[in-house]
Amino acid sequence: QVQLVESGGGLVQAGGSLRLSCAASMNIFSFANMGWYRQAPGKQRDLVAAIATGGSTRFAESVKGRFTISRDNAKNTVYLQMNSLRPEDTAVYYCNLMMGPYTYWGQGTQVTVSS
């Protein structure tokens with residue numbers, strides 16, 4: 001069973017920055033595609049950013065130019081750097097790992113952006 005542990009969420013003012021981290025309990029992390037999703041109250045969970053095993057990335061239109069995603073395979077960790085945060089970025093952010101037919105989720109970390 002793979003465990004994903006997120007950290008780095010919190011309360012920040014609009015225009016501020018946060019960096020989320022997600023550490024995976026697996027030694028073959030480098031073979032997994034990783035992503036960050038978010039879910040605001042009353043809304044569906046949506047993809048924010050993803051990074052493939054080869055390092056290619058993709059982003060939701062709403063965060064392009066403000067968020068970056070990166071991974072450190074030696075540390076089994078994926079990061080989400082969030083800059084120029086807006087109140088509409090407020091949500092619970094979830095780490096996602098996909099490898100073959102398997103998908104795993106972290107427990108989520110709250111990000112709140114005040115105006």
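Colleague: How many helices and strands does the protein chain have?

Modeller: This is a predicted model, in which local features need pLDDT of at least 70, side-chain atom pairs count only at pLDDT 80 or more, and totals for chains, interfaces and linings use all residues. Residues are numbered from 1 along each chain as its sequence is written, and side-chain values use heavy atoms, with hydrogens and water left out. Helices (H or I, at least four residues) and strands (E, at least two) are DSSP runs, numbered from the N terminus. Read from start to end, the pattern is β-β-β-β-β-β-β-β-β-β-β, and the count is zero helices and 11 strands.

Colleague: What radius of gyration does the protein chain have?

Modeller: This value is taken over C-alpha atoms, and the globule rule is 2.2 Å times the number of residues to the power 0.38. Along the principal axes, the C-alpha atoms fill a box of roughly 40 × 25 × 20 Å. For 115 residues, a compact globule would come out near 13 Å, and the chain agrees, with a radius of gyration of 13 Å.

Colleague: How much of the protein chain counts as buried?

Modeller: Buried means under 20% relative accessible area, exposed over 50%, and partly exposed in between (1.4 Å probe, protein chains only). Of the 115 residues, the buried share is 43%.

Colleague: Which residues does a disulfide join?

Modeller: A disulfide is a covalent bond between the sulfur atoms of two cysteines. The search criterion is a pair of cysteine sulfur atoms within 2.5 Å, and the whole structure holds one. With an S to S distance of 2.1 Å, the partners are Cys 22 and Cys 95.

Colleague: How many residues apart are Cys 22 and Cys 95?

Modeller: Both cysteines are buried, and their link is left-handed, with -80° about the S-S bond. Cys 22 sits in strand E3 (residues 18-24) and Cys 95 in strand E9 (residues 91-99), so the pair links distant parts of the chain. Along the sequence, they are 73 residues apart.

Colleague: Which element gives the most to the lining of the largest pocket?

Modeller: On a 1 Å grid over the protein atoms alone, a cavity is a set of points where a 1.4 Å probe fits but cannot get out, while a pocket is an open set with protein on both sides within 12 Å along at least five of seven lines; lining residues have an atom within 4 Å of a point. The largest pocket holds about 160 Å³ of space, and among its 13 lining residues, Arg 38, Ala 40, Lys 43, Asp 46 and Glu 88 are closest to the centre. Strands E4 (33-39) and E5 (46-51) are the elements that give two or more residues. With three residues, the top contributor is E5.

Colleague: Is Asn 96 buried or exposed?

Modeller: Asn 96 lies in strand E9. Contact means heavy atoms within 4.5 Å, and, leaving aside neighbours within four places in sequence, Asn 96 is in contact with residues including Leu 4, Met 34, Tyr 37 and Trp 105. Its relative accessibility is 2%, so Asn 96 counts as buried.

Colleague: Where is Leu 11, and is it buried or exposed?

Modeller: Leaving aside neighbours within four places in sequence, Leu 11 is in contact with Thr 112 and Ser 114. Its place is in strand E2 (residues 10-13), and, with a relative accessible area of 65%, Leu 11 is exposed.

Colleague: What is the phi of Asn 76?

Modeller: Most residues other than glycine have a negative phi. Asn 76 is in the loop between strand E7 (67-72) and strand E8 (77-82), and it is buried at 14% relative accessible area. Not counting residues up to four places away in sequence, it touches several residues, among them Cys 22 and Phe 29. Its phi is positive, near 55°.

Colleague: Is Ser 84 buried, exposed or partly exposed?

Modeller: Ser 84 belongs to the loop between E8 and E9. Although it is not a glycine, Ser 84 has a positive phi of about 50°. At 39% relative accessibility, Ser 84 counts as partly exposed.

Terms used
Points joined across faces, edges and corners; volume = space filled by probe spheres on them.
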